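Reader: I'm new to reading protein models. Could you walk me through one, feature by feature?

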Amino acid sequence: MHLRAVVRGVGHYLPQRIVENSEFEESIDTSDDWIRSRSGIERRHFAASDETTSDLATHAARNALADAGLEPNDIDAIVLATSTADLTFPSAATMVQNKLGMTRGFAFDVQAVCAGFVFALSNANALILSGQAKRVLVIGAETFSRILDMKDRGTCVLFGDGAGALLLEAQEGTGSNDDRGILSTDLNSDGRYKDILYVDGGVSTNTTGVLKMQGKEVFRHAVEKLATTAHTALEKVGMTGADVDWIVPHQANIRIIKGTANRMKVPMERVIVTVQDHGNTSAASIPLALSVGKAEGRIKPGQLVVTEAIGGGLAWGAVVLRW
């Protein structure tokens, strides 16, 4: 028997408040044209003042469960990727567990910033392959609007709030690349680059802090590292960009997305792009894009999907899966 972690369901959730680019023109020196030309972003969603990350995650989880036709207590584990958990502790994942009414199994958070969902997906895959869980909810959820400096035009216009979820289930495969499910993963980090993307506060410094980013440096690292990790993950199963039906990248910036696709020699027609409507939702961006891609009828069973992301740390990685 060769176990595979197969996608059984997918769902997402976006807060009701939509913030168009023009809204920023009232408070900072920017414009709709400036934001679109540099990022591809047209709008994003911001959570309401009484909405937390675990709230967004719970909505997305329920939608993924409904898509799979399963109930909360059919799940063995929740792995939630976030950098904006409700509290220092307990984990947002255990809050989601409670809100779902799930009274069995276990739940924990993963923090790898924008690469968080790739890291969470890899961890969930390992849980399934090791036999520790049969079904795992993998969620990416963020309320990045809470850690933005709204006077810093280089960062505040780029990020949004949202959540997406995948439900992975252990299924028997043949061990070939034709199997549905996760085929390979590749994870990386390098702490030397902390200062190009970070939040200048935290628990042990007794401050909250806001997001700080050196945009040009992040861009310089992003395209090369994303293309490399995607190629590495594909090489592990003897594949190339030519075998890929869809790239579903971290939705940070349209120029990064296009640059990575070009290096992978995959046309943009085979890239799921949602950055224009959601902005950069950090760990939520890949599951959001997967859910939208499926809802729009583009991602279909049997297709080969590559996800790749990079975030603060720096941390980056990729997952190859057959839908």
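Reader: Let's begin with Phe 108: how exposed is it?
Author: This is a predicted model, so every value here is computed from predicted coordinates. Anything from 20% to 50% relative accessible area is called partly exposed. Phe 108 has a relative accessible area of 27%, so it is partly exposed. Phe 106 gets the label partly exposed too, because its relative accessibility is 31%.

Reader: What kind of aromatic pair do Phe 106 and Phe 108 form?
Author: For a pair like this, look at the distance between ring centres and the angle between ring planes; planes under 30 degrees apart count as stacked. Phe 106 and Phe 108 are 6.4 Å apart centre to centre, with 0 degrees between the planes, and the pair is stacked.

Reader: How many aromatic pairs are there by this rule?
Author: The count is two. Phe 144 and Phe 159 also pair up: their ring centres are 5.3 Å apart and their planes sit at 25 degrees, so this pair is stacked. Both residues lie in the loop between β6 (135–143) and β7 (161–173), so the pair ties together parts 15 residues apart in sequence.

Reader: Are Phe 144 and Phe 159 buried or exposed?
Author: Under 20% relative accessible area counts as buried. Phe 144 is at 2%, so it is buried. Phe 159 is buried as well, because its relative accessibility is 3%.

Reader: Okay, on to the inside. Why look for a nonpolar core?
Author: Because nonpolar side chains tend to be buried together in soluble globular proteins. In this model, the largest nonpolar core has 47 residues. Those with the most contacts inside it are Phe 24, Val 157, Leu 234, Met 264, Leu 304 and Val 320.

Reader: Which helices and strands each supply at least two residues of this core?
Author: They are the helices α5 (215–235) and α6 (254–263), and the strands β12 (304–311) and β13 (315–322). The largest share is from α5, with eight residues.

Reader: Can we zoom in on one core residue? What does Leu 234 touch?
Author: Leaving out residues up to four places away in sequence, Leu 234 touches Ser 184, Met 239, Thr 240, Gly 241, Val 244, Met 264, Leu 304, Val 306 and Val 320. There's also a second, separate core of 38 residues, including Ala 124, Val 138, Ile 182 and Trp 323.

Reader: What about empty space? How many cavities of 30 Å³ or more turn up?
Author: A cavity is a space where a probe fits but cannot get out. Searching the whole structure gives one. It holds about 30 Å³ of space, and its lining is made of Ile 196, Leu 197, Val 218, His 221, Ile 310, Gly 311 and Leu 314. By class, that lining is five nonpolar, two polar and no charged. Both α5 and β12 supply at least two residues to it.

Reader: And which residues lie nearest the centre of the largest pocket?
Author: A pocket, unlike a cavity, is open. Of the 31 residues lining the largest pocket, Ser 83, Thr 84, Ala 85, Gln 111 and Ile 147 lie nearest its centre. The volume of this pocket is about 880 Å³. Its lining splits into twelve nonpolar, 15 polar and four charged residues, and the largest share, three residues, comes from β9.

Reader: What gives the most to the lining of the second largest pocket?
Author: That's α5, with six residues. This pocket has about 570 Å³ of space, and its lining has 18 nonpolar, eight polar and four charged residues.

Methods. Residues are numbered from 1 along each chain as its sequence is written. This is a predicted model: local features need pLDDT of at least 70, side-chain atom pairs count only at pLDDT 80 or more; totals for chains, interfaces and linings use all residues. Side-chain values use heavy atoms; hydrogens and water are left out. A nonpolar core is a set of buried Ala, Val, Leu, Ile, Met, Phe, Trp, Tyr and Cys residues joined through side-chain atoms within 4.5 Å. Buried means under 20% relative accessible area, exposed over 50%, partly exposed in between (1.4 Å probe, protein chains only). Helices (H or I, at least four residues) and strands (E, at least two) are DSSP runs, numbered from the N terminus. Contact means heavy atoms within 4.5 Å. On a 1 Å grid over the protein atoms alone, a cavity is a set of points where a 1.4 Å probe fits but cannot get out, and a pocket is an open set with protein on both sides within 12 Å along at least five of seven lines; lining residues have an atom within 4 Å of a point. Grid points are joined across faces, edges and corners, and a volume is the space filled by probe spheres set on the points. Ala, Val, Leu, Ile, Met, Phe, Trp, Tyr, Cys and Pro count as nonpolar, Asp, Glu, Lys and Arg as charged, and the others, Gly among them, as polar. Rings of Phe, Tyr and Trp (its six-membered ring) pair if their centres lie within 6.5 Å; planes under 30 degrees apart count as stacked, over 60 as edge-to-face and the rest as tilted.
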